[in-house]
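The following report looks at the surroundings of one residue and then widens to the whole chain.

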Amino acid sequence: MKQVEVIKEPDVCSSFRNLLLYFPGCISVDESGDRLFLSDSNHHRIMILDGGGKILDCIGSSPGFEDGVFESAKLMRPLASVYHAADNCLYFVDSENHAIRRAVLEKRMVETVYPTCTKKSSSLWTWILDKLGIERDFDMKLEETESSLVLPWHLIKSEDDNLYIINRSFEILWVLELPSGTMQEVFEGSSKIMEICGQIIVDKVSILRRMPSDWLQHQFDTNCSLKEIPCAGLLSSLASFQDHVIICDTVGQRILKLNKNSGLVSNFQLSNFGILGLPYWLSSSLERVYSSGEEICGADIHFESFTLLPGKIDIDLNVDIPKNAELLEPLQEGCVWCQVRGAAVEVPGTDKIEASTEKVGSAQQWYDNLDTLVFSTPEEECVEEENTISDCKLPEGRVQINCVVNTSPGTSEVFIDAALYLKLKRDSNLHDSQEKMAETMVDFLKPERHGRMRRGTCIQYLLKVKRDLEDLIFITPLRVRIKLDILNHPKADNSKDFVLTDSEIKVNISL
């Protein structure tokens, strides 16, 4: 395969993108470290979980092909992974980048093992496009050598510490040498794969005999398998962990755990969603929003406008959760994004009064510094430290987000985005009818905004997933745009000093 062309994510505004998990395809474990590695494939990320389902970290930021720290690395539908205990790293398949990559867990860095990649040369124009948020072409490019790795899916570590890489249809097997990343051999045909890996596959999927037959059949319909081993397609979707087998349900968009002793199957509940941050599809360039009014997929923009005097402004957003939904956990700062444009600046969370009287704008600051030299004040006041964004859960059904900004005369805009993780209420009147729950869920997912899947089709899909929809976790995006028209400074009694006014505004929003 020659140099990879520009990657553009298909189905950019999928109706199911706002589910917590969107095709959780594969899972692997570090049993001694009490860690699981879940490939949330259509969200282009790998979640690191503990044995209780708490999200510890997240590998990958958005679709693309770029090495770097976990928060900036880009993946394209990651799938099977293998934990390498000696190096404390995770090898994983980056399927649509046709690559094998490595996450160095101690350094929190993603590297490309195969094929060898180089970054595009940086330039002033590239830097400008980055700052403007304009989508660029493929961030990494392959070396000019041929690459035989095409759409890999499964990953197995051999006894001699090499990696066996198998495509989804079990037609090609690649053998990759570690740690050099050299491709040793390529085998074609399912018979050769059975000869080399057959026993490993059989041993791993044999536990699935304890799963309900109707659930297995539902999974077979969406996975390719070997003729000799009907369950082979689920090879990378399960892992043994302590007294359980953890299984990815790619149809129901969830994780299951099978108790080895009792045979009971239950949902594997996730928590600590703040680690995931604001999903990449809910954020967009500030400049593009400002100039074109760009809208996030599936999100209404709540717009407010205020005319105030210059000084510190305390913005309180009171968000009412829909009555038939509940917030899974208090909103965390990582799920909130706040940015200010114009004659204003956000107050850092650790600053005291010095930050609250900070002037904004380079020209304004220059004149203010001159005023300070001529008209110095005899004393300064001190105030308590204030948080930029305080996560506060108010009475049930309401969330508050707080943002503090300092303003100077002129026009400013404050953008606040947040991701609220919700699920349907169990005590609502919906639990008697699965169809009513599906209709309510679709109202939250808003498929009509995406243009790909109609409402009826979306409802039918949810009814076929064969799971309790009250356990389905989804994201409700919040987007607020506040315009601030700031008047001129009032004059002090001595006609020399400016008067700064503390203001407070409250914005009430119903999702």
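In this predicted model, Ser236 touches Gly25, Cys26, Ile27, Ala80, Trp153, His154 and Leu155, leaving aside residues up to four places away in sequence. One of these neighbours, Ile27, lies 209 residues from Ser236 along the chain, yet the C-alpha atoms of the two are separated by 6.4 Å. With another, His154, the contact is polar and runs from side chain to side chain, at 2.8 Å. Ser236 itself is found in the loop that runs between helix 3 (213-220) and strand 18 (238-241). Is this loop residue buried or exposed? Ser236 has a relative accessible area of 3%, and because the cut-off for a buried residue is under 20%, Ser236 counts as buried.

Three of the residues that Ser236 touches, Trp153, His154 and Leu155, fall within strand 14, which spans residues 152-157 and is mostly covered, five of its six residues being buried. Strand 14 pairs with strand 15 (residues 163-167) in the antiparallel sense, over five bridges, and in this pairing Ile156 stands opposite Tyr164 of strand 15. The hairpin formed by strand 14 and strand 15 has five residues between the strands, and there Asp161 takes a positive phi near 70°.

The table places Ser236 beside two cysteines that are likewise buried.

| Residue | Relative accessible area | State |
|---|---|---|
| Ser236 | 3% | buried |
| Cys335 | 2% | buried |
| Cys403 | 1% | buried |

How many disulfides does a search of the whole structure find? The search finds zero, so no pair of cysteine sulfur atoms comes within 2.5 Å.

As for internal space, the structure holds six cavities of 30 Å³ or more, and the largest cavity has a volume of about 160 Å³. Of the 14 residues lining that largest cavity, Gln253, Arg254, Arg467, Asp471 and Ile473 are the closest to its centre.

Over the whole protein, the secondary structure comes to eight helices and 29 strands, and buried residues make up 51% of the 511 residues. Among contacts between residues at least 6 apart in sequence, 66% join residues at least 24 apart; the pair of Ser236 and Ile27, 209 residues apart along the chain, offers a local view of such a long-range link.

Note on methods: Residues numbered from 1 in each chain as written. Predicted model: local features only at pLDDT ≥ 70, side-chain atom pairs only at ≥ 80, totals over all residues. Heavy atoms only, no water. Helix = DSSP H or I, 4+ residues; strand = E, 2+ residues; numbered from the N terminus. Buried < 20%, exposed > 50% of the residue type's maximum accessible area, 1.4 Å probe, protein only. Contact = heavy atoms within 4.5 Å. Polar contact = N/O pair within 3.5 Å; in protein donor to acceptor, adjacent residues only side chain to side chain. Pairing = 2+ DSSP bridges. 1 Å grid on protein atoms, 1.4 Å probe; cavity = no way out; pocket = protein on both sides within 12 Å on 5 of 7 lines; lining within 4 Å. Points joined across faces, edges and corners; volume = space filled by probe spheres on them.
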